[in-house]
Amino acid sequence: REREIEPRQSLRIPGPSRIRKMAHQSTVKFFNDEKGFGFINHVDGESLFMHRNEVVEGMPGDGDTVMYDTGVDDRSGKPKAQNIVVVGGGTGKGRPAGGGKGK
């Protein structure tokens, strides 16, 4: 049974002991486990970029519910999701083994 999550629910974020409120809740439109990025169906109807480095809890997969804040990508200057929490842990497979320089 899935539980309902209220928008702006307080969550404990890893790191220094702190509790914060996430600004948005939506679903993952698409996430590529191999490349580590995807898009969220943002509340304004636009797709919002997400990267695995911004996920603080869970493994995102297509259709998963996420809670997140928004920010601006330093390189592109475009909006992005940050401080992403995948509700219920997620359905993603995580980072695939190998493929990097260390293989």
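**Note on an eight-strand predicted model**

1. Overall burial. Of the 103 residues in the protein, 32% count as buried. The model is predicted. The protein exposes about 7100 Å². Carbon and sulfur atoms supply 46% of that exposed area.

2. Elements. The protein has eight strands and zero helices. Read from the N terminus, the order is β-β-β-β-β-β-β-β. Take the contacts in the protein with a separation of 6 or more: residues 24 or more positions apart account for 51% of them.

3. The β3–β4 hairpin. Strand β3 covers residues 24–32. Five bridges join β3 to β4, and the two run antiparallel. One registration point to check by eye: F30 has F39 of β4 as its bridge partner. Four residues lie between the strands of this hairpin. Among the residues of the hairpin, G36 takes a positive phi near 80°.

4. The β4–β5 hairpin. Five bridges join β4 to β5, again in an antiparallel run. F39 also has a partner here, F49 in β5. Five residues separate the strands of this hairpin. G45 takes a positive phi near 90°.

5. Faces of β4. Which residues of strand β4 point to the buried face? G38 and I40 do; both point to one face and are buried. F37, F39 and N41 point to the other face and are not buried. Such alternation between the two faces of the sheet is what a regular strand shows. F39, on the face that is not buried, is the residue that bridges to F30 and to F49.

6. The β7–β8 hairpin. β7 spans 65–72 and β8 spans 79–86. They pair in the antiparallel sense over six bridges. T70 has A81 of β8 as its bridge partner. Six residues lie between the two strands. In the turn, G77 has a positive phi of about 75°.

7. The parallel pairing. β8 also pairs with β6, a strand of residues 55–57. This pairing is parallel and rests on two bridges. V55 has I84 of β8 as its bridge partner.

8. Backbone of N83. N83 sits in strand β8. N83 has a positive phi of about 55° although it is not a glycine. Most residues other than glycine have a negative phi. Is N83 buried or partly exposed? N83 counts as partly exposed because its relative accessibility is 21%, and the cut-off for buried is under 20%.

9. The salt bridge. How many salt bridges does a search of the whole structure find? The search finds one. The pair links distant parts of the chain: K80 in strand β8 and E54 in the loop between β5 (47–51) and β6, 26 residues apart. The N to O distance between the side chains of K80 and E54 is 2.9 Å. K80 has a relative accessible area of 14%, so K80 is buried.

10. D73, a buried charge. D73 lies in the loop between β7 and β8. D73 is buried yet has no salt bridge. The nearest side chain of opposite charge is R75, 4.5 Å away. A salt bridge needs a separation within 4 Å. Not counting residues up to four places away in sequence, D73 touches K78 and K80. K80 is thus in contact with D73, while K80 has its salt bridge with E54.

11. D69, a second buried acid. D69 is found in strand β7. Its relative accessibility is 7%, so D69 counts as buried. Where does the side chain of D69 reach? The side chain of D69 reaches the backbone nitrogen of A23, at 3.0 Å.

12. The segment after β8. G89 is found in this segment. G89 is partly exposed, with a relative accessible area of 34%. Setting aside neighbours within four places in sequence, G89 is in contact with G58 and M59. G89 and P60 are 29 residues apart in sequence. In space they are 7.8 Å apart, C-alpha to C-alpha.

Key:
Residues numbered from 1 in each chain as written. Predicted model: local features only at pLDDT ≥ 70, side-chain atom pairs only at ≥ 80, totals over all residues. Heavy atoms only, no water. Buried < 20%, exposed > 50% of the residue type's maximum accessible area, 1.4 Å probe, protein only. Lys, Arg positive; Asp, Glu negative; His and termini not counted. Contact = heavy atoms within 4.5 Å. Areas by Shrake-Rupley, 256 points an atom, 1.4 Å probe, with all protein chains shown as cover. Pairing = 2+ DSSP bridges. Polar contact = N/O pair within 3.5 Å; in protein donor to acceptor, adjacent residues only side chain to side chain.
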